[in-house]
Structure formats: structure tokens, C-alpha cells
Amino acid sequence: MTLPLTYAPEVAKARTQGAALVALESTIITHGMPFPQNVETARAVEAEVRAHGAVPATIAIMGGRIHIGLTDAEMDALGKSRDVAKLSRADLAACLATGGIGATTVAATMICAHLAGIKVFATGGIGGVHRGAEDSFDISADLIELAQTPVTVVAAGAKAILDLPKTLEVLETQGIPVIAFGQDEFPAFWSRGSGLRAPLRMDRAEDIAAAHRMRGLLGLPGGQLVANPIPATDEIPRAVIDPVIEAALGEASAQGIAAKAVTPYLLGRIFELTEGRSLAANIALVLNNARLAAAIARHLV
Ligand code: PSU
Ligand code: MN
């Protein structure tokens, strides 16, 4: 058996040239945003990576293979399909073995990026410790992945639907550097602030790249979480988004939504309750993360 990796032509070329590469996830396309904004956003994010001097590699599972970079037709098929599996570390091998179609979460994208030798990955927000985790035990596998796979993940913090203090505690326990970019506060996805101080702060992409290298040199497994605040012009203030989050959380628990369905359900309801404003903010922050990830990747070639 050989590793079932398929490189898109643009990515294959970048690899032979030693160009900077940025991995992008696909769950945000299939489970994080509605069609057609999901496909439009995925393409815009790829274009943003290119405009900042790196080559994008959107990762997904199709036909029993890990696709590192998607063609236009593949991106379209993924964005329209309604029965794409949401894949984390636990589901990846089974989906590949049975020839299914799957979107990769942060955890699964990190695994695939590392297999392809890609060191930097841009997304929206990582999964974390859910509110009520003391009863549900719902802690995203993304946190455990960051502890063991050496990829630097650029996100706008963790979504405010989560329990952010508990998420920071688990990140600390797992030995994951949490680096706020350009500010002291840990950002909360739709909002620049969370009221919580980030453990680390860096203001330059080259420092983040150097820290990534240093971890490798020290033989430390795992990656880094770069928490990049949403641009000020695009943020939704916490006073506006917090009540919406509370309402969506209340509905999710009343309907018994659990496990993998929780994050997609909440994002969908928050989109409806904000009449699309949450999606506009989500798109802006992913583009912002793509720019920073490209800059970090250029310092890692
Ligand atoms: N952030 C977003 N949109 C998303 C996700 C994160 O802005 O759709 C996805 C990511 O793929 C992340 C996953 O890895 O949600 C976390 O899911 P869970 O909470 O079930 O681990
Ligand atoms: Mn979960």
C-alpha cells in the first residue's frame, strides 16, 4: 500500500520549485458556510494566498485519496454536495479505505498537510472546549492534534460559541503555544477581544516562523496556534454577538444537538439570526488569516 496522496497541478509545481505553501481546510466549505458563498469564499481565500506570495492547497478526501489542492471541478463538487462526511483524526482512514467523500476539519487537515510537507495552515476558527463540557465532555480533537502534529495554524482565535477560558486551559495543558498576533488579547472569532489575555504575543510573521523552526529543533512535537484578530472594520462587537450566541446555544440544547453536529448547527443558526452578518465577518477573518499564513509560509521556505 502506498500513501494515497494526490497533488493538484499547481501544488505539484510549487513542491518541485520549493515555493511557500499554505494548507486550507474543507470543513469550513461543507459544514461552515452555505452554498454558494462557501465555494466563492474558498476561491477568494486561495486567491488571497497567491496574492501574498504563496501557493494554496485546499485539502479534502475524494475517491479514496487525500487531495492536496483541488481543481475547480473538485471544489465545485465538494461545495454543492450535501452528504460530505466531516472528518477528524478518528474518521480519516475509514473514509479513505471505503472511498468516501469527506471534508477535513482542522485536525484532519493538519495530519494531511504534514504528510504533504506543508508547515502552515489557515482557517477561520479552531474547535475547542464546548460550554458545558464538564457534563458533555465535548472537547474538539483539534486541540489534541495541535499537541502532536507540527503545523502552525492561523485562526481568528476560537469561536465564541465555545468556553474560551477552558479552551485556553486545555491548550496550555497540551503544551501548545498560543500566539496572539499584534495584540495582547486572545481574539474571539467574530470579535477582536475576548477579555482574556493570550499566553504569547508576536507582531511579526518572521518571529512566528522562527518559533516554528525552533520547536522542531528542540524536538517538540506539535504545532502552534496563531490567534489573528478579525480586522476592526469587519468585527461584530461582543455586545451584539453574545446574545445571538446564547440564543443559538439554547436552541441547540433544546433540540438535543450533540457531537459533530454542534458546531455546524450553531454556525448555521448564528448566520440566520444575524441575517448574514456573521458570514460576512467569517469571510473577512479567513481572508485575513490567509494573508498572515502566506507571510509565515514565505519565511519557512
Ligand atoms: N471554524 C469555522 N468554521 C468551521 C469550523 C471552524 O469558522 O466550519 C470547523 C473546523 O473544521 C473545525 C471544526 O476543525 O469546525 C471543529 O468541529 P468540532 O467542534 O466538532 O471539533
Ligand atoms: Mn465536538
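# A tour from helix α12 to the core

Start by selecting T263, which lies in helix α12, residues 262-273. The model on screen is a predicted one. Show the neighbours of T263: leaving aside residues up to four places away in sequence, T263 touches K86, H130, K159 and I161. Then add G63 to the selection. T263 and G63 are 200 residues apart along the chain, and their C-alpha atoms are separated by 26 Å.

**The whole chain**

Zoom out and colour by secondary structure. The protein has 13 helices and eleven strands. Along its principal axes, the C-alpha trace spans about 50 × 40 × 35 Å. How does the radius of gyration agree with that of a compact globule? For 301 residues a compact globule would have a value near 19 Å, and the protein has 18 Å, which agrees.

Now switch on the surface. The protein exposes about 12,400 Å², and carbon and sulfur atoms supply 57% of that area. Of the 301 residues, 55% count as buried. Contacts across the sequence can be shown as well: among those between residues at least 6 apart in sequence, 74% join residues at least 24 apart.

**Two domains**

Colour residues 1-118 and 123-301 separately. The domain assignment gives these ranges as domain 1 and domain 2. Taken over C-alpha atoms, the centres of the two domains are 20 Å apart. Select the residues where the domains meet: 33 residues of domain 1 are in contact with 30 residues of domain 2.

**Strand β4 and its partners**

Move into domain 1 and select residues 65-68, which form strand β4. I68 lies in this strand. Is I68 buried or exposed? I68 has a relative accessible area of 0%, so the residue is buried.

Next add residues 5-7, strand β1. β1 and β4 pair in the parallel sense over three bridges, and the bridge partner of Y7 in β4 is I68. Then add residues 55-62, strand β3. β3 pairs with β4 in the antiparallel sense over four bridges. Which residue of β4 is the bridge partner of I59? That partner is I68.

Stay with the hairpin of β3 and β4. Two residues stand between the strands, and G63 in this hairpin takes a positive phi near 60°. From P56, measure across to I68: the two are twelve residues apart in sequence and 9.1 Å apart in space, C-alpha to C-alpha.

Show the full surroundings of I68. Not counting residues up to four places away in sequence, I68 touches L5, T6, Y7, A8, V11, A57, T58, I59, C112, A116 and I118.

**Helix α6 and S88**

One of those contacts, C112, leads to the next stop. Select residues 106-115, helix α6. This helix is mostly covered, with eight of its ten residues buried. The buried residues are V106, A107, A108, T109, M110, I111, C112 and A113. Just after α6, pick G117, which takes a positive phi of about 75°.

Go back to A107 and A108 and show their contact with S88. S88 lies in the loop between β5 (85-87) and α5 (92-97). With a relative accessible area of 14%, S88 falls under the 20% limit and is therefore buried. Apart from residues up to four places away in sequence, S88 touches T105, A107, A108 and A141.

**Strand β9 and its partners**

Cross to domain 2 and select residues 178-181, strand β9. On pairing with strand β11, residues 224-227, β9 runs in the parallel sense over three bridges. V178 stands opposite L225 in β11. Then select residues 200-202, strand β10. β9 and β10 also pair in the parallel sense over three bridges. The bridge partner of F181 in β10 is M202.

**The nonpolar core**

Finish inside. Nonpolar side chains tend to be buried together in soluble globular proteins. The largest nonpolar core here has 106 residues. Select V22, I68, I126, F186, W190, L225 and I296, which have the most contacts inside the core. Two of the earlier stops return in this selection: I68 and L225. Which helix gives the largest share of the core? Helix α13, residues 277-298, supplies twelve residues, the largest share. Restore the domain colours as a last step: the core draws at least three residues from each of domain 1 and domain 2.

How values were computed. Residues are numbered from 1 along each chain as its sequence is written. Chains are lettered from A and ligands numbered from 1 in the order in which they are written. This is a predicted model: local features need pLDDT of at least 70, side-chain atom pairs count only at pLDDT 80 or more; totals for chains, interfaces and linings use all residues. Side-chain values use heavy atoms; hydrogens and water are left out. A nonpolar core is a set of buried Ala, Val, Leu, Ile, Met, Phe, Trp, Tyr and Cys residues joined through side-chain atoms within 4.5 Å. Buried means under 20% relative accessible area, exposed over 50%, partly exposed in between (1.4 Å probe, protein chains only). Domain bounds come from an automatic or database domain assignment. Two strands pair if DSSP finds at least two bridges between them. The radius of gyration is taken over C-alpha atoms; the globule rule is 2.2 Å times the number of residues to the power 0.38. Contact means heavy atoms within 4.5 Å. Accessible areas come from the Shrake-Rupley method with a 1.4 Å probe; for residues, only the protein chains shown count as cover.
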